[in-house]
Every structure is written in C-alpha cells, then in structure tokens.
Amino acid sequence: MQTYIRLLILCLTMVLLGISGHVHADDTRFHLTLPLQGTAEASLRQRELILTAMGAKFRADGSPTELMTATLEDGKHVTITHARDRDTNALSFVVQCIGGEGGAEALCQDIARRYRK
C-alpha cells in the first residue's frame with residue numbers, strides 16, 4: 001500500500017515540476033479524479049477526443065508519468081495521469097488543469113461534463 005502512495009506522490013510531483021515552466025504566477029490549479037469508462041485505453045482515447053474538440057495541442061515532451069499533456073489556444077494546460085485507489089486497487093485518471101483567473105476549475109469541470117456524457 002505504501003508503495004502505491006509513494007508512487008502516486010512521486011508521479012504528481014513530477015507532473016507539477018514538468019509543467020511548472022509553463023505556469024504563470026497568476027495561474028490557478030485544479031484537479032479532479034475521473035473513473036474509467038470501459039477500458040483504460042478507451043477512457044484515455046475519449047479524453048483525447050474531448051481535448052481535441054476543445055482545440056488542444058498535445059505535447060510530446062511530457063514526463064513518462066504523464067499519460068497526456070495538452071495546451072489550449074487560450075494558454076490553459078491539461079495534464080492527465082493515472083492513479084490507483086489504495087483500498088480497492090481501482091484505476092482512475094487524475095485530470096490537472098492550469099489556467100488564469102479561476103479558469104482551471106472551469107476547464108476541469110467542462111472536461112468532466114463532456115466525459116460523463
């Protein structure tokens with residue numbers, strides 16, 4: 001159990017360090033966890049389609065812990081990583097959004113709304 005927690009903390013730290021070069025002082029951060037819908041691959045593909053429809057450009061230089069990193073035209077950033085529940089061992093995805101003036105929470109909530117459709 002502790003190994004999973006340490007791995008999750010390490011992954012999230014690396015994500016934050018990986019995107020810190022693209023963050024401005026007035027940016028806000030927001031994250032939420034979304035369950036799988038079907039297989040992990042199908043769920044990740046669905047998120048990719050959602051971000052593509054929103055006009056996101058994907059970065060290939062993300063860290064190995066990041067499943068997907070994208071930047072929207074307005075400068076907001078989205079990073080998707082995976083996490084396992086330590087009690088149930090269920091896999092889920094952590095969506096982290098970064099944007100200015102409270103835009104991070106709105107962006108994450110919009111992604112979640114589209115994903116749940």
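Begin with the secondary structure of this predicted model: colour the chain by element and 3 helices and 5 strands appear. Followed along the sequence, these elements give the pattern α-β-α-β-β-β-β-α. Next, colour the 117 residues of the chain by accessibility; 38% of them are buried. If contacts are drawn between residues at least 6 apart in sequence, 56% of those contacts join residues at least 24 apart.

**First stop: the disulfide**

Select cysteine 97 and cysteine 108. These two residues form a disulfide, with their sulfur atoms 2.2 Å apart, and the structure holds 1 such link. Which elements does the pair connect? Cysteine 97 belongs to strand β5 (residues 91-100), while cysteine 108 belongs to helix α3 (residues 103-116). The pair links distant parts of the chain, the two cysteines being 11 residues apart. Rotate the view to look along the S-S bond: the angle about this bond is 105°, and the link is right-handed. Are the two cysteines buried or exposed? Both cysteine 97 and cysteine 108 are buried.

**Second stop: helices α2 and α3**

Keep helix α3 displayed and add helix α2 (residues 40-53). How is such a pair described? Two packed helices are characterised by the angle between their axes and by the distance between those axes. Here the axes of α2 and α3 come within 10 Å and cross at roughly 120°. The two helices are therefore oblique to each other, since an angle of roughly 120° lies outside the range of 65 to 115 degrees that counts as roughly perpendicular and is not over 145. The crossing of α2 and α3 is right-handed.

Now show the side chains at this contact. On α2, select Ser43, Gln46, Arg47, Ile50, Leu51 and Ala53; on α3, select Ile111, Arg114 and Tyr115. Coloured by character, the residues of the contact of α2 with α3 divide into 5 nonpolar, 2 polar and 2 charged.

**Third stop: arginine 114**

From that contact, centre the view on arginine 114, which lies in helix α3. Arginine 114 counts as partly exposed because its relative accessibility is 30%. Which residues does arginine 114 touch, leaving aside its neighbours within four places in sequence? They are Gln46, Ile50, Ala53 and Met54. For a distance to display, take the C-alpha atoms of arginine 114 and glutamine 46: these residues are 68 apart along the chain, and the atoms are separated by 9.5 Å.

**Fourth stop: leucine 34**

Move to leucine 34, in strand β1 (residues 27-35). With a relative accessibility of 0%, leucine 34 counts as buried. Beyond the neighbours within four places in sequence, leucine 34 is in contact with Arg47, Ser92, Phe93, Val95, Ala112, Tyr115 and Arg116. Among these, Arg47 and Tyr115 also take part in the contact between α2 and α3. Draw a line from leucine 34 to serine 92: the C-alpha atoms are 5.8 Å apart, although 58 residues separate the two in sequence.

**Last stop: asparagine 89**

Finally, select asparagine 89, which sits in the loop between β4 (77-84) and β5. What is the backbone phi of asparagine 89? It is positive, about 65°, although asparagine 89 is not a glycine. In general, most residues other than glycine have a negative phi. Asparagine 89 is partly exposed, with a relative accessible area of 41%.

How values were computed. Residues numbered from 1 in each chain as written. Predicted model: local features only at pLDDT ≥ 70, side-chain atom pairs only at ≥ 80, totals over all residues. Heavy atoms only, no water. Disulfide = S-S within 2.5 Å. Helix = DSSP H or I, 4+ residues; strand = E, 2+ residues; numbered from the N terminus. Buried < 20%, exposed > 50% of the residue type's maximum accessible area, 1.4 Å probe, protein only. Axes fitted to C-alpha atoms, helices over the stretch in contact; angles between N-to-C directions. Parallel < 35°, antiparallel > 145°, perpendicular 65-115°, else oblique. Left-handed = near helix turned anticlockwise from the far one by under 90°. Contact = heavy atoms within 4.5 Å. Nonpolar A, V, L, I, M, F, W, Y, C, P; charged D, E, K, R; others polar.
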